[in-house]
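Take a guided look at this protein. The walk starts in one loop and moves on to cores, a sheet and the helices that lie across it.

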Amino acid sequence: MSGTARALDTARLRRVFELERQGGCRNTAVLGGLDRLLIQLAEDGQLRGSPLAAAVRQLPPGGYRSLPPGERERWVDRVLADLGAPVPAPPPAAPARRRQARPAEPPPPPPPIGPASPIAALPGLPRGAAARFEKLGVATVGDAVFLFPRRFNDYTNLRRIADLQPGSELQTIVGELLDIAEFRVRGRVRGARGLVSDGTGALPVVWWNMPYVARSLREGDRLVLAGRVRSYRGRLQLENPEFEQLDRGGDAFARLEPVYPATAGLGQKTIRAAVARAVELAADLVDDPIPAWLRREEGIPPIAAAIRTYHSPAKAEDAEAARQRLALGEFLAVQCAVLIRRAEWQRDNDAPSLDFGPLRGRFLEALPFPLTRAQHRALAEIERDLRGPNPMLRLLQGDVGSGKTVVAFAAMLAAVASGFQAALMAPTEILAEQHYRSLARLLGGGELSALDGVFSPPWLGRPLRILLVTGSLTPAQKAQVRGDAAHGGADIVIGTHALIEDDLQFPRLGLAVVDEQHRFGVMQRAKLRQKGLNPHLLVMTATPIPRTLALTVYGDLEVSTLDELPPGRQPIRTRWYRPDEREDAYRFLRKRLDAGEQVYVICPLVEESESLEVRSAEEEYEFLRTGPLSGYAVELLHGRMTARQKDEAMQRFARNEAQVLVSTSVIEVGIDVPNATVIVIEGAERFGLSQLHQFRGRVGRGAKQSYCILFSSEEDPGPDARERLNAMCETTDGFALAEVDLRMRGEGETWGRLQSGTNTMLRVARLTDRDILLRARSLAARVLARDPRLEHPEHAPLAAAVRPFLDRAAEAN
């Protein structure tokens, strides 16, 4: 546990819980909620032996926020009693009075409609519409004000079909639907296909993977369609357009018409009318997260004007200016949240000081390769943080093969050289074991076993012991590991999530490294603190992260980036093969195998069922070893195998006893076989761009030229898949691909942790809004310099906007 435990301030706590009781137990007494306060008290050791400890132990795993209202009140009453405060009594019943005849009074006027009014209070709302609005996350008039358009039908820039050109820009047409039907490819329904005419020409329209469109439209419907036009087999077609049915009549309207998120039974006309009425009644009453003093100093326009403009812009430029103003407020809340989280992590200046000292140069000289400039820069940034006194909170990101692991190992060895322990937590056993073996090679071998290795690197001047902890250890092995870690017998511990189990203690933990896919929330950081002496934290990721995403999802971490590959590595050549080109690809594979090289084959992703995915791998394995790759040693690896079976299969491949490894997506990370020079990805259109790039990173680990072969199941897999596969062929730069992925997937999927269902906390901000985000980061720092906990009344609207992000961070793990 970090530092010396402070005494519990019961008087302050009483005030907090009294405020919570008076507020109806809505978890609003403190910023971030009561769970956050209790976690901080636990981290600081203030709960042990306090009158609050027993009540905290009775909370469910989800904490105070998961209690229903009645149980919250009873729990708060118990806490108040334990803290010596009088529990509020229910108000006394009014004395009975004798009825007296009173003149009839007119009913009171209805309360004025404001942001907190229920959506049903809007004048003119059709019967049943309120319930449908709630499916969109719109329960109040204020919610309707902030239900912003997804896009606009641009009737100021309609195109005639005769004037359309292929390209990536969005083009809008109005026309009559002449034909509509589902279409099939190889017996499977793949979408809907229609034909639209506007009098100047007829245009085919294709909705890939959306056969339901054919059931929702009829021949003769008049439509406005907005999408991208592509040339396919010498003819233009509109692909996956958004559309809306129009009333019979003219071509409408030289204006931008908002298109809102919709749900069954709630059409655009109803939504537009309700939102317009809500904006009219309540736009001037909604809270602005940007404080008034900051708006004055920065010349930022009022939020009400931006809301009105964005719902009803005169031109596209006005809509974008209004969106950017609203995005600034959203990003300000995000940045305040991540900076508050960072300040909480670093609030105690008692992190261990870790310094390589004179051993640094000797360690670098002992490496079998020189570090790149980027590695030197990242290591220097990490070492500066490790010297303290604040605990490090840093993200180390780099493309596949950029050398993140050796930088992380150097930081861990700096902890060991300073007399502390280091821990590395990986997402899978395969990756944990890979790290274990890589570190063993770096240290020059040693007495390596399945559990631990003892090494004597000359530069260190003493033996060094590394433990491996995974979920598949036997109880006896786990007991041995627990004892060695707790009594200081282990310098470095590498493992999976088992590292943060309660019964594993690290009395001298100075540095924790978290690799891939793990995102520590408040609870996990509290566990780490209790295990060590306020340890430093380094998070590694091989998935390149656009700058804007790094500042949001990882906004509380400083970022070090490895943006160059080690010398001698050649760019991987990538080619997309259509179904009729397979034999050419197999001839190429046989040529590489005959040259003594090895091949990975990745089987298609089957999202519906892991068992189907395994069957897919087994069928591919049988096909290759009895067909195009007969005569070569073929190995199989899939997710249903035991950890030992997976490891044995991988070891046979690593020793070149197998020339071809057929695998499901379990191979995405953690495999390092320099002699493997070709990776074949079957069903490549089913994978995301980031995952395709991760697969490709399994080859190119040595000095030989490496190759990535993409097989698609169909000649034309659809526009999005086509763009992903073409991007893979055009560049091997993971950061460039991350930007393409970001643009293609849009905001919904990429925001991930920042959204919950349809009621998103970020309504208009985009990850491509770099300049706005950087400005918000600067403004957030200014606000928190004045008011670190957002407790001043002038910052109440901003505190309310920040609270959901802090709650999400606490719930993320």
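**From a loop to a sheet**

Glycine 489 sits in a loop, between helix 16 (475–486) and strand 13 (492–495). The model is a predicted one. Is glycine 489 buried, exposed or partly exposed? It is partly exposed, because its relative accessible area is 31%, and that value falls between the 20% limit for buried and the 50% limit for exposed. Beyond its neighbours within four places in sequence, glycine 489 is in contact with Arg465 and Asp484. Leucine 467 is 22 residues away from glycine 489 in sequence. In space, their C-alpha atoms are 9.4 Å apart.

Now turn to the interior. The largest nonpolar core has 62 residues. Phe133, Ile307, Leu790 and Val802 have the most contacts inside it. Several helices give two or more residues to this core, among them helix 5 (129–135), helix 8 (268–282), helix 25 (770–786) and helix 26 (796–811). Which helix gives the most? Helix 11 does, with 13 residues. Another core lies apart from this one. It has 49 residues, including Met412, Tyr436, Leu442 and Leu511.

Next comes a sheet. Strands of a sheet pair through backbone hydrogen bonds, either parallel or antiparallel. Here six strands form an open sheet, and their pairing is parallel. The order is 17-22-21-18-20-19. Strand 17 (573–577) and strand 19 (634–637) are at the edges. Each has a single partner strand, so one side of each has no neighbour in the sheet. From one strand to the next, the twist averages 20°. Look closely at one edge. Strand 19 pairs with strand 20 (residues 660–663) over four bridges, in the parallel sense. There, leucine 637 has serine 663 in strand 20 as its bridge partner.

Two helices lie across strands of this sheet. Helix 22 (residues 689–696) lies across strand 17, strand 18 (598–602), strand 21 (676–681) and strand 22 (707–711). It runs at about 150° to strand 21. Helix 23 (residues 719–730) lies across strand 17 and strand 22. Its angle to strand 17 is about 150°.

These helices also meet each other. The axes of helix 22 and helix 23 come within 10 Å and cross at roughly 35°. The crossing is right-handed. Which residues meet? Leu689, Leu692, His693 and Arg696 come from helix 22, and Arg724, Leu725, Ala727 and Met728 from helix 23. By class, this contact has five nonpolar, one polar and two charged residues.

Definitions and conventions. Residues numbered from 1 in each chain as written. Predicted model: local features only at pLDDT ≥ 70, side-chain atom pairs only at ≥ 80, totals over all residues. Heavy atoms only, no water. Buried < 20%, exposed > 50% of the residue type's maximum accessible area, 1.4 Å probe, protein only. Contact = heavy atoms within 4.5 Å. Core = buried A, V, L, I, M, F, W, Y, C linked by side-chain atoms within 4.5 Å. Pairing = 2+ DSSP bridges. Axes fitted to C-alpha atoms, helices over the stretch in contact; angles between N-to-C directions. Left-handed = near helix turned anticlockwise from the far one by under 90°. Nonpolar A, V, L, I, M, F, W, Y, C, P; charged D, E, K, R; others polar.
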